[in-house]
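Colleague: I would like to go through this model with you. Can we take it step by step?
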Amino acid sequence: QVQLVESGGGSVQPGGSLRLSCVASERSFSDYSMAWFRQAPGKEREFVTAISRTGGSTYYEEDVKGRFTISRDNAKNTGYLQMNNLKPEDTAIYYCAASASGSFVDFEYWGQGTQVTVSS
């Protein structure tokens, strides 16, 4: 069972950037697809982006296309979310997730989340 730990959240002004990291406990991290979700105050958790096991395939929610980039380094058991041109509506708790089946839809492993606040 893989454990995921996010880091890199914080407070930033609109237009700023942050890079989130998600470290997995498993050496077989490359066996899992991974994704980032977020949950804003008073809202449902929503999908942001996902990446395949090898990193060769990615998918983005429309709102973040061109601003966010998902990547992974399987040698370091780590996934990343580079967030540029941040907007106040990006404020949320960001969670990484992993799927043993390689799914881009269903994820059974979740991190504890990291807070991102975008405010002037």
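**Loops, strands and rings**

Modeller: Start with a loop: Asn-77 sits between β7 (68–73) and β8 (78–83). Keep in mind that this is a predicted model.

Colleague: Is Asn-77 buried or exposed?

Modeller: A residue counts as buried under 20% relative accessible area. Asn-77 has 15% relative accessibility, so it falls in that class. The answer for Asn-77 is buried.

Colleague: What is the phi of Asn-77?

Modeller: Asn-77 is not a glycine. Its phi is positive all the same. The value is about 55 degrees.

Colleague: Where is Asn-85, and what is its relative accessible area?

Modeller: Asn-85 lies in the loop between β8 and β9 (92–99). Its phi is positive too, near 50 degrees, and Asn-85 is a residue other than glycine. Between 20% and 50% a residue is called partly exposed. Asn-85 is partly exposed because its relative accessible area is 43%.

Colleague: Now the whole chain. How many helices and strands does it have?

Modeller: From the N terminus on, the elements run β-β-β-β-β-β-β-β-β-β-β. The count for the protein chain is therefore zero helices and 11 strands.

Colleague: Why is the chain called as compact as a globular protein of its length?

Modeller: The globule rule gives 14 Å for 120 residues. The chain comes close to that, so it is as compact as a globular protein of that length. Along its principal axes, the C-alpha trace spans about 40 × 25 × 25 Å. The radius of gyration is 13 Å.

Colleague: What share of the 120 residues is buried?

Modeller: Buried again means under 20% relative accessible area. In the protein chain, the buried share of the 120 residues is 45%.

Colleague: What share of the contacts with a separation of 6 or more joins residues 24 or more positions apart?

Modeller: Take the contacts in the protein chain with a separation of 6 or more. Then pick those between residues 24 or more positions apart. Their share is 55%.

Colleague: Which strands pair with β3?

Modeller: Strand β3 covers residues 18–24, and five of its seven residues are buried. Four bridges join it to β1 (residues 4–7), with Leu-4 opposite Ala-24. Six bridges join it to β8, with Ser-21 opposite Tyr-80. Both pairings run antiparallel, and the partners are β1 and β8.

Colleague: Let us move to β5. Which backbone oxygen does the side chain of Thr-49 reach?

Modeller: Thr-49 lies in strand β5. It is buried, because its relative accessible area is 0%. Leaving aside neighbours within four places in sequence, its contacts include Met-34, Trp-36, Tyr-59 and Leu-81. At 2.8 Å, its side chain reaches the backbone oxygen of Tyr-59.

Colleague: Is Ala-50 buried or exposed?

Modeller: Ala-50 is also in β5, which covers residues 46–51. Beyond four places in sequence, it touches several residues, among them Met-34, Ser-57, Ile-70 and Phe-107. Its relative accessibility is 0%, so Ala-50 counts as buried.

Colleague: How far is the C-alpha atom of Ala-50 from that of Phe-68?

Modeller: Ala-50 and Phe-68 are 18 residues apart along the chain. In space, their C-alpha atoms are separated by 11 Å.

Colleague: On to the rings. What kind of aromatic pair do Phe-37 and Phe-47 form?

Modeller: A search of the whole structure finds five aromatic pairs. In the pair of Phe-37 and Phe-47, the centres are 5.6 Å apart and the planes meet at 85 degrees. Planes over 60 degrees apart count as edge-to-face. This pair is edge-to-face.

Colleague: Which strands does that pair tie together?

Modeller: Phe-37 is buried, with a relative accessible area of 10%. The two residues are 10 apart in sequence. Phe-37 lies in one strand and Phe-47 in another, so the pair ties together β4 (residues 33–39) and β5.

Colleague: Which charged residue sits over the ring of Trp-110?

Modeller: Trp-110 forms one aromatic cluster with Phe-37, Phe-47, Tyr-59 and Phe-107. A charged end sits over its ring, 3.7 Å from the centre. That end belongs to Arg-45.

Colleague: And which ring does Arg-72 lie over?

Modeller: Arg-72 lies over the face of a ring, at 4.3 Å from the ring centre. The ring is that of Phe-29.

Methods: Residues numbered from 1 in each chain as written. Predicted model: local features only at pLDDT ≥ 70, side-chain atom pairs only at ≥ 80, totals over all residues. Heavy atoms only, no water. Buried < 20%, exposed > 50% of the residue type's maximum accessible area, 1.4 Å probe, protein only. Contact = heavy atoms within 4.5 Å. Polar contact = N/O pair within 3.5 Å; in protein donor to acceptor, adjacent residues only side chain to side chain. Phe/Tyr/Trp six-rings, centres within 6.5 Å; stacked < 30°, edge-to-face > 60°. Lys NZ or Arg CZ within 6 Å of the ring centre and 35° of its normal. Pairing = 2+ DSSP bridges. Rg over C-alpha atoms; globule rule 2.2 N^0.38 Å.
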